[in-house]
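Work through the exercises below with the model open. Try each task before you read its solution.

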Amino acid sequence: MFKKDFPYFNNSKTVYLDNAATTQKPQCVIDSQIEYYEKYCANTHRSNFGHANKATINFEKTRTLLKEFINASKNEEIIFTKGVTESINFIANSYAKNFKTVIISSLEHHSNIVPWHMQKRTLGNGLEVVRCNNNLDFDFEHFEQILKNNPKSFVSVTHISNAFGKIYDIKKITELAHKYDAVVMVDGAQSLAHLKVDMQDLDVDFFAISAHKTFGPTGVGAIYVKEKYLKEIEPYQTGGATIDEVTFNTSTLLDSPYKFEAGTQNIAGIIGFGKALEYLNIIGYENIQIVENDVYRYLDEELRKIPKIIFYNDIKDSIGSRSFNFEGLVHDDIGILLDKMNIALRVGHHCAQPIMKQLNVKGTIRVSIAFYNDYNDVSELITALRKALQMLDA
């Protein structure tokens with residue numbers, strides 16, 4: 001019933017099941033960006049004519065919306081970025097580089113692995129990885145042992161795995177990390193599309209946010225920074241919009257968030273992100289979770305009816321993504337055939353090669369849903385899968 005709000009579904013016959021990669025955008029998000037470019041296109045925080053003021057007001061409105069949306073304490077704790085990848089790189093290079101040890105989990109996306117390698121960290125040498133069990137669950141005993149051996153470390157973990165949909169208990173992770181004076185950053189790329197998050201309840205120190213995975217525009221994101229760290233973090237970039245005063249001898253910077261937002265931002269995209277948040281407020285997470293959980297269970301039930309299917313985890317403590325393979329078949333072949341039948345999903349390693357290697361697979365077939373997906377989408381997927389399997393068996 002929600003598809004009517006998304007122009008993509010009016011203009012395409014594709015069954016879209018690649019939401020972990022990016023979500024579709026409601027009409028209000030698209031309209032807000034067009035309106036900015038057509039009716040009041042101007043730069044923010046600089047000029048004082050009418051359209052520039054309107055652009056600044058709408059830009060800052062998104063900051064306030066996001067602050068309230070995740071229950072941050074202050075607007076100053078919300079810093080706009082290009083997305084989760086830049087958010088993680090920002091904190092890695094501007095703050096976490098000073099820590100002797102960084103702790104990540106086994107299910108991390110490359111965006112939460114490669115930045116640490118760029119700091120010359122390797123496994124056991126500045127980088128520790130928390131094990132997972134055969135159901136891909138976070139190993140808390142192993143985590144605590146690492147913390148005991150590496151107090152005052154920097155913990156950087158995903159909230160929801162993009163590859164398998166596993167939900168980590170972030171509140172429990174944070175409580176345990178803080179017990180050993182560790183600082184916690186969360187990759188929340190998949191979070192806001194599925195779950196209500198509350199910074200006061202989770203008590204995390206940093207939380208990375210993606211707009212395009214949350215029904216907003218691409219090239220936009222944010223990093224929540226707990227207020228106590230704002231003066232400790234070095235700017236990732238400097239230049240226009242970050243400064244208070246400049247001479248040829250010295251520069252003084254503005255306070256957060258502006259000192260961290262160098263140059264002209266993606267103004268239209270950030271305004272569009274605000275509209276996405278307003279849209280989600282209207283729909284409500286209670287409704288989103290009722291629909292999603294129902295479709296997710298149905299997806300799992302129907303997939304399990306197909307012979308020779310291989311799963312890597314159950315759906316307890318999971319949402320969004322469901323990954324699988326078929327015995328004796330190459331996932332790429334299935335992806336090609338499904339595309340011919342207008343089914344859009346992803347096959348491959350999903351930018352999570354380490355866990356794929358641990359599972360001894362090159363990749364998986366990943367179906368990832370959003371609240372606009374329904375039983376019909378699942379039924380069309382199952383029909384297409386069965387046809388593809390028949391063709392490949394032949």
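**Exercise 1. Locate Ala241, then decide what is unusual about its backbone.**

Solution.
Step 1: Place the residue. Ala241 sits in the loop between strand S9 (221–225) and strand S10 (243–246). The model is a predicted one.
Step 2: Read the torsion. Phi of Ala241 is near 80°, a positive value in a residue other than glycine.
Step 3: Compare with the general rule. Most residues other than glycine have a negative phi.
Step 4: Classify the exposure. The relative accessible area of Ala241 is 31%. Partly exposed covers the range between 20% and 50%, so Ala241 is partly exposed.

**Exercise 2. Do the same for Asp317.**

Solution.
Step 1: Asp317 belongs to the loop between strand S12 (309–311) and strand S13 (321–326).
Step 2: Its phi is near 60°, a positive value in a residue other than glycine.
Step 3: With a relative accessibility of 45%, Asp317 counts as partly exposed.

**Exercise 3. Which residues does the cis peptide bond join, and what is omega there?**

Solution.
Step 1: Find the bond. Ser256 and Pro257 are joined by a cis peptide bond.
Step 2: Check the angle. Omega is about 5°.
Step 3: Recall the general case. Most peptide bonds are trans.
Step 4: Place the proline. Pro257 is in the loop between strand S11 (251–253) and H9.
Step 5: Look for a partner. Pro257 is one of the residues in contact with Arg63.

**Exercise 4. Is Arg63 buried or exposed, and what surrounds it?**

Solution.
Step 1: Arg63 is located in helix H3 (residues 50–69).
Step 2: Apply the cut-off. Buried means under 20% relative accessible area. Arg63 has 1%, so it counts as buried.
Step 3: List the contacts, leaving aside neighbours within four places in sequence. Arg63 is in contact with Asn75, Ile78, Ile79, Phe80, Pro257, Tyr258 and Glu261.
Step 4: Test a long-range pair. Arg63 and Phe273 are 210 residues apart in sequence, yet their C-alpha atoms are 9.6 Å apart in space.

**Exercise 5. Describe two further buried residues, Ser87 and Gln119.**

Solution.
Step 1: Start with Ser87. This serine lies in helix H4 (residues 84–94).
Step 2: Its relative accessibility is 0%, so Ser87 counts as buried.
Step 3: Leave aside neighbours within four places in sequence. Ser87 then contacts Thr81, Ala208, Ala222 and Ile223.
Step 4: Move to Gln119. The glutamine is in the loop between helix H5 (114–117) and strand S4 (122–123).
Step 5: Gln119 has a relative accessible area of 19% and is buried. The cut-off is under 20%.
Step 6: Find the polar partner. The side chain of Gln119 reaches the backbone oxygen of Ala92 at 2.7 Å.
Step 7: Complete the set. Not counting residues up to four places away in sequence, Gln119 touches Ala92, Asn93, Ala96 and Lys97.

**Exercise 6. Classify Asn11 and Asn281 by accessibility, then give one C-alpha separation for each.**

Solution.
Step 1: Asn11 is in the loop between helix H1 (7–10) and strand S1 (15–16).
Step 2: At 67% relative accessibility, Asn11 is exposed. Exposed means over 50%.
Step 3: A polar atom of the Asn11 side chain lies 3.0 Å from the backbone oxygen of Pro7.
Step 4: Asn11 and Arg346 are 335 residues apart in sequence; C-alpha to C-alpha, they are 21 Å apart in space.
Step 5: Asn281 is part of helix H9 (residues 267–283). Its relative accessibility is 47%, so Asn281 counts as partly exposed.
Step 6: Asn281 and His349 are 68 residues apart along the chain, and their C-alpha atoms are separated by 33 Å.

**Exercise 7. Check whether the radius of gyration of the chain agrees with that of a compact globule.**

Solution.
Step 1: Take the expected value. For 394 residues, a compact globule would have a radius of gyration near 21 Å.
Step 2: Compare. The protein chain has 22 Å, which agrees.
Step 3: Add the box. Along the principal axes, the C-alpha atoms fill roughly 75 × 55 × 35 Å.
Step 4: Add burial. Buried residues make up 56% of the 394 residues.
Step 5: Add contact range. Among contacts between residues at least 6 apart in sequence, 68% join residues at least 24 apart.
Step 6: Count elements. The chain holds 13 helices and 16 strands.

**Exercise 8. Summarise surface and charge.**

Solution.
Step 1: The chain exposes about 17500 Å², and carbon and sulfur atoms supply 48% of it.
Step 2: There are 43 positive and 48 negative side chains.
Step 3: The centres of the two sets lie 3 Å apart.

Note on methods. Residues numbered from 1 in each chain as written. Predicted model: local features only at pLDDT ≥ 70, side-chain atom pairs only at ≥ 80, totals over all residues. Heavy atoms only, no water. Helix = DSSP H or I, 4+ residues; strand = E, 2+ residues; numbered from the N terminus. Rg over C-alpha atoms; globule rule 2.2 N^0.38 Å. Buried < 20%, exposed > 50% of the residue type's maximum accessible area, 1.4 Å probe, protein only. Contact = heavy atoms within 4.5 Å. Areas by Shrake-Rupley, 256 points an atom, 1.4 Å probe, with all protein chains shown as cover. Lys, Arg positive; Asp, Glu negative; His and termini not counted. Charge placed at Lys NZ, Arg CZ, Asp CG, Glu CD. Polar contact = N/O pair within 3.5 Å; in protein donor to acceptor, adjacent residues only side chain to side chain.
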